[in-house]
Amino acid sequence: MTATILWFRRDLRLDDLPALTAAADAGANRVVPLFVVDPSLLGPAGPNRRRFLADAVRALDRELGGSLVLRRGHPQVVVADVAAEVGAAVVVATADFGPYGAARDDAVAKV
């Protein structure tokens, strides 16, 4: 069974999400939704931002029927580990053009 990972980052919605369409079109038997709690982003966040993020991730998991895979760690390690666990050859995500996001995505792509 093949899988595609749909890696949620900043865009925690299902409606009109281009990455969800791309994941569905990737031809895999299943789509594995993933959210990585990145210490590089969470560390400097204040309590209000952390609470907002936690609430948003819980809401996304409810929308997904409890199937969201939630991991903590550095994305370049976590995404590769989850891909190996579920047998995913493809990872899709919405673009992130910020300096950190672009560097993170390059690091993940090289793994």
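These are my notebook entries on a predicted model, covering its largest pocket, its nonpolar cores, one helix and two buried residues.

**Entry 1, the pocket.** I began with the largest pocket and found that it holds about 390 Å³ of space. Its lining is made of 17 residues, and those closest to the centre are R9, F35, L41, R49 and L53. I then looked up which elements supply the lining, and at least two residues each come from β1 (3-8), β2 (30-37), α2 (39-42) and α3 (47-63). The largest share belongs to α3, which gives four residues. Sorted by character, the lining has 12 nonpolar residues and five charged ones, with no polar residue in it.

**Entry 2, the cores.** Next I turned to the largest nonpolar core, which has 14 residues, and noted that L6, F8, L12, F35, V57, L60 and L68 touch the most other members. At least two residues of this core come from each of β1, α1 (18-25), β2 and α3. Apart from this core lies another, of 13 residues, and I wrote down I5, W7, V32 and V108 as being among them. For V57 I listed the contacts, leaving aside residues up to four places away in sequence, and found L12, F35, L68 and L70.

**Entry 3, helix α3.** I checked the length of α3 and found that its 17 residues reach 24 Å from the first C-alpha to the last, which is close to the 24 Å expected at 1.5 Å a residue. After α3 comes G65, and I noted that its phi is positive, near 70°.

**Entry 4, V36.** I looked up V36, which lies in strand β2. Is V36 buried or exposed? Its relative accessibility is 7%, and because the cut-off for buried is under 20%, V36 counts as buried. Leaving aside residues up to four places away in sequence, V36 touches W7, F8, R71, G73, P75, V78 and V79. I also recorded the spacing of V36 and F8, which are 28 residues apart in sequence but 7.7 Å apart in space, C-alpha to C-alpha.

**Entry 5, R104.** My last residue was R104, in helix α5 (residues 99-109). R104 has a relative accessible area of 6%, so this arginine too is buried. Which residues does R104 touch, not counting those up to four places away in sequence? I found W7, R9, D38, L41, P75 and D96. Two of these names, R9 and L41, I had already written down among the residues closest to the centre of the largest pocket.

Technical notes:
Residues are numbered from 1 along each chain as its sequence is written. This is a predicted model: local features need pLDDT of at least 70, side-chain atom pairs count only at pLDDT 80 or more; totals for chains, interfaces and linings use all residues. Side-chain values use heavy atoms; hydrogens and water are left out. On a 1 Å grid over the protein atoms alone, a cavity is a set of points where a 1.4 Å probe fits but cannot get out, and a pocket is an open set with protein on both sides within 12 Å along at least five of seven lines; lining residues have an atom within 4 Å of a point. Grid points are joined across faces, edges and corners, and a volume is the space filled by probe spheres set on the points. Ala, Val, Leu, Ile, Met, Phe, Trp, Tyr, Cys and Pro count as nonpolar, Asp, Glu, Lys and Arg as charged, and the others, Gly among them, as polar. A nonpolar core is a set of buried Ala, Val, Leu, Ile, Met, Phe, Trp, Tyr and Cys residues joined through side-chain atoms within 4.5 Å. Buried means under 20% relative accessible area, exposed over 50%, partly exposed in between (1.4 Å probe, protein chains only). Contact means heavy atoms within 4.5 Å. The expected span of a helix is 1.5 Å times one less than its number of residues.
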